[in-house]
Amino acid sequence: MACENFGTYWDETSIDFEKKIVEIHQPDGKNDLLQQVENGALTIVAGWKALGRLYRGILCPTVRQYAHLGDASAHTDHVSGTADDRWVFTEDNPGRELQVAAWLAGISRVLKGHNDALGADCLEIARELFRITRCDNNRVLTAKVHAAVELYLATKEVEYRDFVLQQQDFICKNIRQTGWFIGRFDKAVGNARFSKAVRKALPELQAMYQEYSSKTPYGVPHDRGNRSSGSWEPQHLGYNYCYLHAAYPDLFAPDYIFNAVQYLLGMHPGRNQAAFVTGVGAETMKAAYGVNRADWSYIPGGVSPGTNLIRPDLPELLHFPFLWQEGEYCLGGHATWFMYMVLASQKILNGNEQ
């Protein structure tokens, strides 16, 4: 989405898949963002071709290995067939399968001209998942509508357009879940009846954000308690809001995006005002857990969950890297959402919104 919506290009890394070599600070003339997308797509496509289905994860088989500290290369003896081989986990989860179908369709669009064969595989798998995956509750139907949106944007085929249009009532009744991704479809199709219905439903979503924004002095909610990390909700809502603002700027002013970014950069509750993004801000997370493992070090650009609200009212952000809900670097979610919100903010503030 960053590549597609902002034309983002960054090249600071060399990646050689055949030789299995990655070198940072060594440009290779290819967009690092597309190479990151490509890397993820390769493993999903390979899993599909090997198993005939999606996998949920690839993980080491024992707690001892999972909790291993020190250099991550010591996780394995590099010999196939021994006890430290990773296990592949699968599941029966229609909602997740349709969610993957949506993203594979999006991936197929941005890989054009970069890796056409892989992009074609992604689109084929997305089509198949859309066709075969059962849909038996509202959560799954939301994911199927999202998949149809991305498939339509990738193919412009009537089948996917008509499916979304037929779900107009469902989309409007569940606008809190569907609103963030429906705007691009709305603009692409230009169906007056559909657009009118969606616009009539959007004030509910607008009111939800206004309610959440008023809950704290920071303009973003922070009330999930110690069930989960504090910054997941502001970030996820902020990422979704970028799409709402892009599609319906008259209804969704950019303030929530700015508030979410500022929250991550230190404007959050608690005495520890460190930015959750290492290396950005006057104070920053300098003890966090990622591939740096157990050495009390940090990775510039790493994004952590950050301040955790321990109920009823204790904001906690310890100088301690081994609490996953506060000091764990996360790529999927934290880093990608932050990056997308920054790119959206830059585009808005530069006055070059499309």
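**Exercise 1.** Is F89 buried, partly exposed or exposed? Work out the class, then place F89 in its surroundings.

*Solution.* Keep in mind that this is a predicted model.

Step 1: take the relative accessible area of F89, which is 37%.

Step 2: compare that value with the cut-offs; buried means under 20% and exposed means over 50%. F89 therefore counts as partly exposed, at 37%.

Step 3: locate the residue. F89 lies in strand 4, residues 87–89.

Step 4: look at its company on the surface. Together with L59, Y66 and W87, F89 makes up a nonpolar patch with about 440 Å² of accessible area.

**Exercise 2.** Describe L265 by its place, its exposure and its contacts.

*Solution.* Step 1: find L265 in the loop between helix 12 and strand 5 (308–310).

Step 2: its relative accessible area is 32%, so L265 is partly exposed.

Step 3: set aside neighbours within four places in sequence; L265 then touches A275, V277, V280 and F338.

Step 4: check a distance. L265 and T278 are separated by 13 residues in sequence and by 9.4 Å between C-alphas.

**Exercise 3.** Which span does helix 14 reach, and what covers its buried residues?

*Solution.* Step 1: helix 14 (residues 331–349) has 19 residues, and 27 Å is expected at 1.5 Å a residue. The model gives 25 Å from first C-alpha to last, close to that value.

Step 2: list buried residues of helix 14; among them are W337, F338, Y340, M341 and L343.

Step 3: name the cover, which includes helix 1 (2–6), helix 11 (232–247) and helix 12 (255–264).

Step 4: step just past helix 14, where G351 has a positive phi of about 70 degrees.

Terms used: Residues numbered from 1 in each chain as written. Predicted model: local features only at pLDDT ≥ 70, side-chain atom pairs only at ≥ 80, totals over all residues. Heavy atoms only, no water. Patch = residues over 30% accessible without salt bridge, like charges linked within 9 Å, V, L, I, M, F, W, Y side chains within 5 Å. Areas by Shrake-Rupley, 256 points an atom, 1.4 Å probe, with all protein chains shown as cover. Salt bridge = Lys/Arg side-chain N within 4 Å of Asp/Glu carboxyl O. Helix = DSSP H or I, 4+ residues; strand = E, 2+ residues; numbered from the N terminus. Buried < 20%, exposed > 50% of the residue type's maximum accessible area, 1.4 Å probe, protein only. Expected span 1.5 Å × (residues − 1). Contact = heavy atoms within 4.5 Å.
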